Amino acid sequence: MRWILDNLPLIADRLWAHVATSLPAIVLALLISLPLGWLAHRYRPLNGPLLTGAGLMYALPSLPLFIVLPVLIGTGVRDAVNVVVALTLYGVALMVRSVADGLDGIPPEARNAATALGYRPLRRFLAVDLPLAGPVILSGLRVVAVSTVSLCTVGAVLGIPSLGMLFTDGFQRGILAQILTGIVLTVALALALDRLLVLAGRLLMPWARTPSRRAVRRSHRPGRSDQTDQTDQTDQAGQSVMPS
Amino acid sequence: MNQLWDAVLWCLDPSNWQGPSGIGARSLEHLGYTALALVIASVIAVPVGWWVGHTGRGRGIAVAVSGAARALPTLGVVTLMGLMLGIGLAAPMTAFVVLAVPSILAAAYAGFEAVDHQVIDAARAQGLTEAQVLWRVEVPLGLPLLISGLRSAALQVIATATLAAYVGAGGLGRYLFLGLKTQDYAMMLGGSLIVVLLAIVLDLLFAAAGRAAVPRGVRVARQGLAQ
Amino acid sequence: MTPKPRRSPLTHRSLITLAAVSALALTGCGSSDPLGGGASGSAGGDSGDGGGAGEAIVIGSQQYYSNEIIAELYAQALEAEGFTVEREYQIGQREVYLPELESGAIDVLPEYSGNLLQYYDAESTASTPEDIHAALAEVLPENLRALEPAEATDQDSYNVTREFAEEHSLTTLADLQNVDEPLTVAANSEFETRPYGPEGLREVYGVDVSLVPVEDSGGPLTVKALVDGDVQLADIYSADPSIQTQDLVTLEDPENLILPQNVTPIVSEAVNEDAAAVIEEVNAQLSAEELIDLNRQSVEDQASSADLATAWLAEQGLA
């Protein structure tokens, strides 16, 4: 544990590098998935190809992608751009499905009511569709945040700065404390982001608070099985929502 | 683009397929690691997930554990276990199992939770015992979701199994690291391409399995609804 | 189902946008070296802005803790003399950082003479430190030069446990021919293609070994594999303290298969005579024992390269 105290600047450096590569990727993934998910939702013919494509993109192994991508986009392996693009691709692959599912789950009545009230399509999308799809999109974003933070460490074997370098250096010198610090910080960062997103969700979507699981389950006892928990969904990819 | 073409040529070169370190052998190793990780992870996660889904208890803990395990960086676990267990398969396999468990666990209990409670009520009303409810109602109905969870886990593991080579085990990661360290682009990219191909094939197989696993009654019901 | 809403202008706009974005994304097909040019992109806050764009000297290191220590020695010595220094450590192996050195993205990097020579000229027959240094001067690209090497070396070496050596009466690499069991050697994966790897061993000494790649540069996992008996040989760098602490036997190399690897700073044109002199002064004090000791402190005391460098330079009166 003395290693930790002696190396706080190094730890801070690695943590900063990690945050600086994963955060932009998460944000970009969200921004890119919104239109793509909307396309998948709006145009049925595109739905299959887009979602299958997203699934396949997620199937791309990370280390090879970090290596192949520079060939395609003309950067070096250790360029920040390379890492951010690769992480964004994975984020998009995960999120497109959430956005599409979220938009799919909007009751048509709400949409029709908005149109009847005179909402233009763009305004309706921003004021009605997105907020109603919000909880599902948020759950997808949480998964993306956690997996991006975790994935960012793999680049260290290629010499890309991140918390992963605590693993490679600790490995070479046999310093268990260094590796443990890296693991703990990565998990802590991921969980902190997750909590922040949940809080943001509560702030931005106060209407979406669900009753506790206990209350819902009690209502499922014999005699009252007509209630369903609408925001607690799982999608076909088995990515389960972590209800707040 | 040249390099990608070289990589394809490398993959197709028959001399690269021969021997214990040939593409064929390494691919089999790679698939073997994936399969083993999935089996071990399932043995751990499926019973737990089914118990959580059936009784409704412990869900909070399951969710928390899944979430935390998902955040664990695989490289970190591989190097940590490597230092403790030495070279070979034990260290990376631990990391792969930890990687696979969250998806399978979540899919296991989500599959049970997605079962309409009316169906379970009806089953109990007909006099089925709890065990029969479990095996004849919940498991078959939860199977498609479980398979999609396995699919998700399989993809993650096969992608990450390249890290096994970091600590002296086999698999397609060997080509990645050797090609990377010696600037042999053809080998590096070629190995990557094969991993991607295997991942895609695996994904399609699981997708088909998922569709096949939908119980006949449910399939018929869905078709009825769609009309 | 509700009737489909009429098409709105929005759909046309979004399709066109999507097409435009895709077109832009596809114009990035480059044929550049996928492993090079990353120095300016690191987000760690300690990257330089490329060679020649300022006064800062960019010092790089391999992804090897001992190399980072040496790089830090140069860095702090230069800073003590008033130079501005930027650090780019843990880059990766030769094939990753040399392009950066050649392009000027990195200005200084401690190298190992023999390996570097064989990288540029695999056929070279130089085998003494002086010959190697002279040959290096000829094969290095024009904008790079090799400063005076240190006495310290850190070369690959084939090691066995003392029990194994005694059991088979091993002192030189040639003695391995007498061993009946199949031989495996634990080393970094690039060992496979090194001239002194399994192929060279077969050619020069007639010994067959197969490689078990462990990516810790002869570190604790490799040593553990050797000590546990998972492998019979291990490629452990000669400056590694574990050779002494684990009582390992380094097999002798009378045919000079493995070239001497003196620590040699490679510098770009951005490094002027004064800076070069500072670096060479540090190198002059770096003996083999000093390097082993620095490595030992890094591994056993888990000291950081920065702390080790400060202490060592103070001891030598260089900072």
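Three exercises on a predicted model follow, each with a worked solution.

**Exercise 1.** Check the length of helix 10 of chain C, then find which face of the helix is buried.

*Solution.*
- Take the 13 residues of helix 10, 273–285. At 1.5 Å a residue they should span 18 Å. The end C-alpha atoms are 19 Å apart, which agrees.
- List the buried residues: C:A275, C:A276, C:V278, C:I279, C:V282 and C:N283.
- Look down the axis. These buried residues fall within an arc of 160 degrees, so they line one face of the helix.
- Turn to the face away from the buried side. It carries the exposed residues C:E273, C:D274 and C:A284.
- Ask what covers the buried residues. The cover includes strand 1, helix 2 and helix 12 of chain C.
- Inspect the helix start. A side-chain oxygen of C:N272 comes within 3.2 Å of the backbone nitrogen of C:D274.

**Exercise 2.** Classify the ring pair B:W50 and B:W135, and locate both residues.

*Solution.*
- The ring centres are 5.6 Å apart. The planes stand at 90 degrees, so the pair is edge-to-face; the cut-off for that class is over 60.
- B:W50 sits in helix 2 of chain B and B:W135 in helix 7, 85 residues apart.
- B:W50 has 16% relative accessibility, so it counts as buried.

**Exercise 3.** Do the same for C:Y64 and C:Y237.

*Solution.*
- Centre to centre the distance is 5.2 Å, with 75 degrees between the planes: edge-to-face.
- C:Y64 lies in the loop between strand 1 and helix 2 of chain C, and C:Y237 in the loop between strand 8 and helix 9, so the pair ties together parts 173 residues apart in sequence.
- Both tyrosines, C:Y64 and C:Y237, are buried.

Notes: Residues numbered from 1 in each chain as written. Chains lettered and ligands numbered in written order. Predicted model: local features only at pLDDT ≥ 70, side-chain atom pairs only at ≥ 80, totals over all residues. Heavy atoms only, no water. Helix = DSSP H or I, 4+ residues; strand = E, 2+ residues; numbered from the N terminus. Expected span 1.5 Å × (residues − 1). Buried < 20%, exposed > 50% of the residue type's maximum accessible area, 1.4 Å probe, protein only. Arc of directions from axis to C-beta. Contact = heavy atoms within 4.5 Å. Polar contact = N/O pair within 3.5 Å; in protein donor to acceptor, adjacent residues only side chain to side chain. Phe/Tyr/Trp six-rings, centres within 6.5 Å; stacked < 30°, edge-to-face > 60°.
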